[in-house]
2 protein chains.
Amino acid sequence: MASSGTGPRRVTIDDVAQAAGVSRQTVSRALNDKGEIGVSTKQRVLDTALALGYRPSRFARGLVRQDTVSVGLVIPDLLNPFFTEVAAGALEAARDRSWHVVVYDTGDRAEEERATLEVIASQVDAVVGYLSLPEDEIDKLTRGLPVVLIDREHRTQRFSSIRIDGESGVHAAIRHLTEAGHRHIGMLDHAERSEPSIRHRWFDAAMSACGLDASSVARADQSVEGGEDALQELLGRYPGITAVFTFNDIIAIGALRAARRTGRQVPRDLAVIGFDGLRLGTLVEPPLTTVALDTRRLGALAVEQAARLLTGGGPPHADELTVRTELRLRESA
Amino acid sequence: MASSGTGPRRVTIDDVAQAAGVSRQTVSRALNDKGEIGVSTKQRVLDTALALGYRPSRFARGLVRQDTVSVGLVIPDLLNPFFTEVAAGALEAARDRSWHVVVYDTGDRAEEERATLEVIASQVDAVVGYLSLPEDEIDKLTRGLPVVLIDREHRTQRFSSIRIDGESGVHAAIRHLTEAGHRHIGMLDHAERSEPSIRHRWFDAAMSACGLDASSVARADQSVEGGEDALQELLGRYPGITAVFTFNDIIAIGALRAARRTGRQVPRDLAVIGFDGLRLGTLVEPPLTTVALDTRRLGALAVEQAARLLTGGGPPHADELTVRTELRLRESA
DNA sequence: AGCGGTACCGTGAGCGCTCACGAGAGCGGT
DNA sequence: ACCGCTCTCGTGAGCGCTCACGGTACCGCT
């Protein structure tokens, strides 16, 4: 599985000790900058250690002084800017705790996720991230490991999760559109697990609160291309649409491109509002209006919750587990 | 430093063994799905393990069967799409080897990089990434650990590095511009370590090969805003400029924005060519012409080289350590 | 009864390191 | 000469786990 093979035995602390004519403990002292050691001996030990190519075993060290924590961060696709930002937030929070973060990119494949969880269980102290496997399977694979899910509903008490509260944000978005005179608003939903997404439910609620019909929906892959295709389909099926709300910014950007390609001016001919508030949205033309949330906080909260689970700290306040959203007006709507 | 404190002793394999009325070995067999164990005993052991909340120590396990490798990936800013892609490449290559990747984001601060390297030395088997500290300091902090630098020149034999060969790509870019009639071409260089970058040297060489003057240069921070500011400055100092080549795509995108803001049409009034070939470049308006390289391969090669260093494999061919570039024509030039 | 074989399970050792302790040397003070 | 103390270094134990053994029970067969 790895490097060892039948190669030469690794250089241990005892080898160094013997070569330098001292005891293990003295070598340890030299390497860890502890006191209780003469300067000349220290230098001699350090030299021989270097000469022998000695490198302490992190396992042996970790075994005795149990002071390092590492979390596994599992995400479907690091190249998706949304997950990148989540990861960045997690890394930052981990750094504050001097935790180590082992990152796994599953490529959005269930099989990879399974394999990752399998191997992760024996490598980290907690798991954090976007998991898509069924709960019972996750439970089985992680065997008691603390698990923090991000943006996912779950039934069992077995897991924690960080939630996104998009209700008010989506509401504000739809209200904004109606105030601009839009009556026929469509949505590009994400195609996950056949059932409609939570974001779609927020859309439904907001639409009916405004007395509008929310049935103009198309499904999109979570990619720019997916957004392009889906907008084409949506406009084909419901030609009267003057505005779209999308599952996320990536899809919205696809919609922007498709709109341009079909000769529509945004927002004049078609208003577009995304979801996530990615930085990327400021770079496209026109800059994307979006229901923004603090993505980095999403990752940060996840590791903080993992920390609580690990130390057995009390249950957190609900708002420590949810991030709120707000409408961020730019130029696409 | 971490969770332990004076908390209750952790549950060990012996605790489980005692509670289940069996030996350690039997517990081990149950947990690792080895044979030589009765089904009923196995179930009983598994149950008590779950009940006690037992989780095997990765250190103890790693110590005895030394079969897990992990690399530390150090990058200045995960949110910079370039580094994101490099990281993705590294993750993928690591997955192929079933290695673990511990990611550290230094935020481009020397102090963080130092702290990271310090802690990394006792946590991983090799270090890979973008390091900006002086060589001797890196050497001191990593103490014999295999280190693979990306896109950085180095003097000592102590390190390996993955190089970018931008010469032909930049040449093609400049040639493309001259063939389009441009005579006055500027560059937005990155402001690192006061000396001009290697990319700037390629620019110099390509310009003089075309018989042009390469002195119109401004320095930019490695961000969109940095690119905006720098283009303003460049156009202020050299008003005759009709085309710019930039240190990277991020800066180029800033240039695009600044051009639009100042009422210039790209590429009609100003041609822009970036460097890196980020996906992001396809999303901006107009799509960015760029000197493209395989960023993900950059990361992948780095971990592959780390693997060679770890196994003491022979020296690689030179082209296994460099990635080439090519001009990718889109619409900004 | 005796034998080999199979299915289970336990025992010692050891992975490489650090921690708590103790030991010796040297030195000054009384 | 004695005690104290400081500085330096070594020794046993143990972190939690797996591996290579060795042992017991029970089966069927000659």
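This report walks through the enclosed cavities of a predicted model and the protein surface beside one of its DNA strands.

## Cavities at a glance

Let's start inside the protein. Counting those of 30 Å³ or more, there are three cavities. The largest has a volume of about 140 Å³, and the second largest has a volume of about 40 Å³.

## The largest cavity

Both chains take part in this lining. Chain A supplies A:Arg58, A:Phe59, A:Ser70, A:His100, A:Val102 and A:Gln123, while chain B supplies B:Arg58, B:Phe59, B:Ser70, B:His100, B:Val102 and B:Gln123. If you like to think in secondary structure, helix H4 (58-64) and strand E2 (100-105) of chain A each give two or more residues to this lining, and so do helix H4 (58-64) and strand E2 (100-105) of chain B.

As for chemistry, the lining of the largest cavity is mixed: four residues are nonpolar, six are polar and two are charged. The charged ones are A:Arg58 and B:Arg58.

## The second largest cavity

Here too, residues come from both chains. The lining is made of A:Leu73, A:Leu78, A:Ala87, A:Leu91 and A:Val103, together with B:Leu73, B:Leu78, B:Ala87, B:Leu91 and B:Val103. Helix H5 (81-96) of chain A and helix H5 (81-96) of chain B each contribute at least two of these residues.

The class breakdown is simple to remember: ten nonpolar residues, with no polar and no charged ones.

## The surface beside DNA strand D

Now for the nucleic acid. There are 28 residues around DNA strand D, and those that come nearest are A:Thr26, A:Gly38, A:Thr41, B:Ile13 and B:Tyr54. By class, this surface has ten nonpolar, eleven polar and seven charged residues. Looking from the DNA side, 62% of the strand D atoms within 4 Å of the protein belong to sugar or phosphate, and the rest belong to bases.

## Contacts with phosphate oxygens

Two of the nearest residues, A:Thr26 and B:Ile13, also place N or O atoms beside phosphate oxygens of strand D. For A:Thr26 the atom is in the side chain, at 2.4 Å from a phosphate oxygen. For B:Ile13 a backbone N or O atom is involved, and the distance is 2.3 Å. B:Ser57 likewise uses a backbone N or O atom, 3.1 Å from a phosphate oxygen of DNA strand D.

In terms of elements, helix H2 (24-31) and H4 of chain A, along with helix H2 (24-31) and H4 of chain B, give two or more residues to the surface near this strand. Helix H4 of each chain is thus a name to keep in view, as helix H4 (58-64) of both chains also appears in the lining of the largest cavity.

Technical notes. Residues are numbered from 1 along each chain as its sequence is written. Chains are lettered from A and ligands numbered from 1 in the order in which they are written. This is a predicted model: local features need pLDDT of at least 70, side-chain atom pairs count only at pLDDT 80 or more; totals for chains, interfaces and linings use all residues. Side-chain values use heavy atoms; hydrogens and water are left out. On a 1 Å grid over the protein atoms alone, a cavity is a set of points where a 1.4 Å probe fits but cannot get out, and a pocket is an open set with protein on both sides within 12 Å along at least five of seven lines; lining residues have an atom within 4 Å of a point. Grid points are joined across faces, edges and corners, and a volume is the space filled by probe spheres set on the points. Helices (H or I, at least four residues) and strands (E, at least two) are DSSP runs, numbered from the N terminus. A residue is near a molecule or strand if one of its heavy atoms lies within 4 Å of it. A polar contact is a pair of N or O atoms within 3.5 Å; within protein, one must be able to donate a hydrogen and the other to accept it, and residues adjacent in sequence count only if both atoms are side-chain atoms.
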